[in-house]
Amino acid sequence: WYPPKERNARQEFKERHIPGASFFDIEECRDKSSPYDFMLPSESHFADYVGGLGVSNDTHVVVYDGDEVGTFYAPRAWWMFRAFGHKEVSVLNGGFKNWMKEGHPVTAEVTQPTPAVFKARLNKALVKTFEEMVENVSSLKFQVVDSRPEGRFRGTELDQGLESGHIPGAVNIPFHSFLSQTGHEKSIEEIQEIFREKKVDLSKPLTATCRKGVTACQIALAAFLCGKRDVAVYDGSWSEWFHRAPPHYKVSESKRSK
C-alpha cells in the first residue's frame, strides 16, 4: 500500500496533469531543518510557497495526486492548508487515475500562475506535538487512530527500515480502509461504520498518526466527511515517536515474543 520509491511526481506532472493545475511539492513545502520527514513548515514558508502557486486566502483549492491507490498524498496537502487557516480546500475524489479513466482533459502545458499574497496562521488545534502525545498516554484527553498497515502497527513487520509498533492506547485503522476498490472515498455511512467498529467516537477529540504524518491525514479527511472538522494530526508520527519516546511507550508484539 505504500507508493514505490522510484516515482518522480514532478516528472509525472510535466507529462500530464489537469489543465491549469500547479505542482505542490511536499518535499519543498516542509520544515527542512527537522530530522523528521514532512514536518510542517513555518507560517511564512507556507505562505510564500502557496502564494507562489497563485493561491490567495480567497482561492478555492482542489488537491489531487497521481497515486495508484487513488489518493495518497493529497489529504496531506489538504490538511496543511487547513492547518494554516485556509477553509476553502477540497480533495479530488478518486484522484488523477480516476480523472483519466473517466476521460477528462489532461495536458502537458505548464501553467504560470500569477503570484498571490497568502496570509498563513497556524491553527494549533489541528496539530499535535510530541509532548502533547506523551501527556495523552496517561491523561487520555483524546483518542488516537493510527493509519498504518496492521503489521507495522502491531510491530510484526519493519516500517521502512524502522522497528515498528504503536503509541499506547492507539487504535489501528489502515488508511486504505476508507477507499473503495476504484480508489474513491467510501460512502459516509461506510466510513461511520468503520469508526464505529473500532469504537472511535467522532463526537470526542481525535488525533491521527502514521509513519510520517501523510496517511494520517486520510483519517482526518474521512472524519471530516462525517462532519467532524477538528481532527488533529500528530505531525512527527511514528518516525519521531520511535526516536524520542521511552521504550515502555512503544507497544510492539515483536518485543513480547523475544
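Which residues are linked with Arg152 in a network of salt bridges? The points below take this up for a predicted model.

1. The network. Arg152 shares a network of salt bridges with Asp146, Arg148, Glu157, Asp159 and Arg211. The structure as a whole holds 18 salt bridges.

2. Arg152 and Asp159. Within that network, a salt bridge joins the side chains of Arg152 and Asp159, with an N to O distance of 3.2 Å. Asp159 has a relative accessible area of 0% and is therefore buried, the cut-off being under 20%. Arg152 is also on the buried side of that cut-off, because its relative accessible area is 14%.

3. Arg152 and Glu157. The side chain of Arg152 also meets that of Glu157 in a salt bridge, again at 3.2 Å from N to O. Glu157 is at 37% relative accessibility, so this residue counts as partly exposed. The pair thus brings together a buried arginine and a partly exposed glutamate.

4. A pair in helix α7. Arg196 and Glu193 form a salt bridge in which the closest N and O atoms are 2.9 Å apart. Both residues belong to helix α7, which covers residues 188-197. Their spacing is three residues, or about one turn of the helix.

5. Accessibility of the helix α7 pair. Arg196 counts as exposed because its relative accessibility is 53%, and the cut-off for exposed is over 50%. Glu193, with a relative accessible area of 33%, is partly exposed.

Terms used: Residues are numbered from 1 along each chain as its sequence is written. This is a predicted model: local features need pLDDT of at least 70, side-chain atom pairs count only at pLDDT 80 or more; totals for chains, interfaces and linings use all residues. Side-chain values use heavy atoms; hydrogens and water are left out. A salt bridge is a side-chain nitrogen of Lys or Arg within 4 Å of a carboxyl oxygen of Asp or Glu. Buried means under 20% relative accessible area, exposed over 50%, partly exposed in between (1.4 Å probe, protein chains only). Helices (H or I, at least four residues) and strands (E, at least two) are DSSP runs, numbered from the N terminus.
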